[in-house]
Structure formats: structure tokens, C-alpha cells
Amino acid sequence: MEDVLGQVRHLSCKKLLATLRPAVSDLAQKIADELVRLNEKAPDALMLIGGGAKTPFLEKELSDKLGLPLDRIRVRDRVSIHQAKGCVETLFGPESVTPIGIALTAENSEITPVTVRFDGRSHRLFAMRLMTVGDALSECGLDLRRLRARTGNALVVEVNQEIRSIPGTTGTQGVVQKNGLPCLLDDTLDAGDTISVAVGEDGKDAIGTIASVLTVKPLSITVNGTVQRVSPRILKNDRVATLHSKLSDRDVIVTQWPTIGEWIESIIGRNVVERIAVVVDEKPLELQWQTMLIEPFFSWDEPIVEGLSFSLKGAATAPPTVIDALKAALYRAGECMTVLVNGIKREIPMIERILRNGAPCELKDTLEQGDVITTEGRLETGPTMSTMVLLLSETLRAGVHGRERLIMKINGEEAEFTSPIAQGDEVEVYYIPWN
């Protein structure tokens, strides 16, 4: 043999075959794997044609790979083709089967050459049967779904408990032309036809802001003779947002109109109702007072409505005092009961002593955040006769000599220690000798 440089070389047949054997084994394995894949099992028999069928050891290697007896694998030549006549000297081995088969097919079938253009490439097809436009596109590897544009996903949100949606764009459908004219995928092809394809473009997913689904009309109100515009607060998923906030699928949008108090506080920058927490005899209480006066009267908690009109003035009430806290605790603070005791007018306080943070205080003292109020000698209702005896004990005992008996009367009638004393009662308490 001659090598690529034209030099004559000698190589023994045995050495040449030994060199080829691993490559032939690898080729046979690939052929066997493909046969099993297409047939879903090993074939019952195998015929080899074409020039490659003369490869040394191919029959034996295929027999081993497929588990077929060697007598079930045969190389076929032109002897098996009875329709062919002539050229016996030049077309006789398995390599002759391919060109003779092409000639017989051309005689019995029309070969349709078709050109398909898409994605900037040209594909040349030779159809051996009746072919449609769709068949040709599939043969070229085009996924026909690319001709149908997908509509972009919509945005669906909830606005004040109502469902609103923003549609995605529809996209652009693909265009198929045969010989420069629109056609259908089912149209048949003739020899020389040319197909051009512009694939579809999917639509874009919807995008939007709160303004896309919500229209807000401010309310008009009049404050101190001036027209004011009031807008609602916008919440997106329970967080403050604006009309320019971007939307995501399944967002929940809520508008909240402010109350009169909330709107005024946002304008003046301070609270219209102040609150402090105090404790009265271990009972927590919240006290509040107004820092502004609204005329005509509206509750600060009332919602703002179209056409509302009012005036604002300075401080409406003073900060709470000790007596305010006691009254909030339902105590009869600052009250006294007037009774006539042994002919003398006496005033008995309903609360004997009041302490603020452990120190004595006055009822008019202004309270501060966290103050603790305690009371001593507090009467739930009116005093009883026992209370009166305790008040007069020193005076009564001063005149006692020896054994004497205590006399107690209310409005001229005998009383017990537990007998209640009411406003304006005449009380008698004295000792008489014990008989």
C-alpha cells in the first residue's frame, strides 16, 4: 500500500485485521444498541447490505452483541434483487444494493425537492411521498408549537374585596408562506416549492401598579372656612402603599378613609386626644383628654364624608387630675356626707386619705403617665354606726365612769353597729349608767 506521502509500505493481513478488530467490535455494539432501541428487542434475523457490510468480523461481532446465531445474520448482494438486469461485472456485491435500490425507488416514486427557510437557515428536503407543509417543517426540526403565540399571564388581585385582573399581551402568531403566499400546515407540496417561516412571539406577562386597578377620588371637606381635600390610605397586603406601587399576582389592596381625628392629627402633627395610663388601688385605668375642640360637635372617631364642615379651636379639656382618676374608678371622690351628731353638724369624707406615688396629694393635682393612686379609709356607700362610734370614741369615753351602757340612735330610733347612716340623718351616741 502507499501512505499519504506516496511511499510504498508492506503490512501483513494478520496484523491489519488485529488492528481493526477493536474498532469493529465498537461499531457492532453501536449498531446492536440502535437495533434494540428501534425494535424494542433483539431481532430474529439480520440482513447486512451496503459496502459497510463487507467489514471484517462484523457478522461475528453482531452475533455476539445481539445473541443471534451466526446463521441468522447474512450479507445480501444483488442476487436478491430480481428486477435488476445487466452490469453484472460492476454491480455484484452488497455495495450494489444501495444504488440499485435508489434507482428502483426513483422509477416507482416521485421525489419532491422542497426548500424550507426558518431561523435564518435553509433546509433542503427530498420527499419520497406526498408531503404537507406541516410535514416539511417537522422534518426540519421545527416545533410547530412555536407558530402559536402564548398569551402572557394575567395579574389577578383583590381590591376592596372585589377581584380585578390585568391581562397579559396576546403576542404575535407565526406566519407560514409557500412560494411567497400565506398557506396552511395541511397544504400539500409540489416539486420545487419553497416554504418560509416566521415563528410566533409569546405575549408578555401583565404588569401594573395600584393605579391600574384602583381609582381614588378625594373627598372635599371644609375646615375653618377653607376647603380641604382628603385622600384615603392605601394598603397592599396590610402595608402602606401608593398608587405607584407595583402589583404582584394575588395582592390584596384595601383603601381606608381616615376618621376626623386621624385626619386632623395628620395635618397638625400632634394628637387631638391624649392618653395616659394610671393605677388606682391596683386597678389599671386609661385617662384621656382633648387637645382641640371641634364645632359643631363630631366624634373624633367618625369617618370623613363628602361635604363635612367644622371648625377647630384650641385646647378643649385640661389634662386629668387625681379626682378624674378616682371618678374613673367609680369612687365618690371629693364628696362628704353631712349628718347631725349629738346635735352638732359634722361632715364625713367618703375617702379619708389619698396618696399619689406614696405621698399625700390634692384632688386637683395633675396626673402624669404611670402615676399610682392609693386610697385609705374609703367608704363604698355611706358610713355605718360603727364608723361614727370610732370617730367619737375619745369624746364618748371621756365622760364614762364605772359601768355604763352605749346608746345609739338614728333619727330617734335605736340602731346597731351595722346600721347605715344616710345624708342628713340625726345621730345620737352616748353612754348611760348600767342598771
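These are my notebook entries on a few helices, strands and charged pairs in this structure.

**Entry 1: the model**

I am working from a predicted model. I took the helix pair first, then a salt bridge, then the strands.

**Entry 2: helices α1 and α2**

I looked up how helix α1 (residues 13-39) packs against helix α2 (residues 58-66), and found an angle of about 50° with the axes 9 Å apart. Angles of 65 to 115 degrees count as roughly perpendicular and those under 35 degrees as roughly parallel, so α1 is oblique to α2. I noted the crossing of α1 and α2 as right-handed.

Next I listed the residues in contact. On the α1 side they include Arg21, Val24, Leu27, Ile31 and Leu35. On the α2 side they include Leu58, Glu61, Leu62 and Leu66. What kinds of residue make up the contact of α1 with α2? I found 10 nonpolar, two polar and four charged.

**Entry 3: a salt bridge in α1**

How many salt bridges does a search of the whole structure find? The search gives 12. I followed up one pair, Lys30 with Asp26, whose closest N and O atoms are 3.6 Å apart. Both residues lie in helix α1, four residues apart, which is about one turn of the helix. Side chains of opposite charge can pair when their charged atoms come close.

**Entry 4: the five-stranded sheet**

I then traced an open sheet of five strands, in the order β6-β5-β14-β12-β13, and recorded its pairing as mixed. Which strands stand at the edges? They are β6 (162-166) and β13 (239-241); each has a single partner strand, so one side of each is left without a neighbour in the sheet. From one strand to the next, I read an average twist of 35°.

At the β6 edge, I checked the partner strand β5 (residues 155-159), which is joined to β6 by five bridges and runs antiparallel to it. In this pair Val159 stands opposite Glu162 of β6.

**Entry 5: strands β7, β8 and β9**

Last, I looked at strand β7 (residues 175-178). It pairs with strand β9 (residues 194-198) in the antiparallel sense, over four bridges. Strand β7 is also joined to strand β8 (residues 181-182), again antiparallel, by two bridges. I used Gln177 as a marker for both pairings: Gln177 stands opposite Ser196 in β9, and opposite Pro182 in β8.

The hairpin of β7 and β8 has two residues between the strands, and there I noted Asn179 with a positive phi near 55°.

Methods
Residues numbered from 1 in each chain as written. Predicted model: local features only at pLDDT ≥ 70, side-chain atom pairs only at ≥ 80, totals over all residues. Heavy atoms only, no water. Pairing = 2+ DSSP bridges. Axes fitted to C-alpha atoms, helices over the stretch in contact; angles between N-to-C directions. Parallel < 35°, antiparallel > 145°, perpendicular 65-115°, else oblique. Left-handed = near helix turned anticlockwise from the far one by under 90°. Contact = heavy atoms within 4.5 Å. Nonpolar A, V, L, I, M, F, W, Y, C, P; charged D, E, K, R; others polar. Salt bridge = Lys/Arg side-chain N within 4 Å of Asp/Glu carboxyl O.
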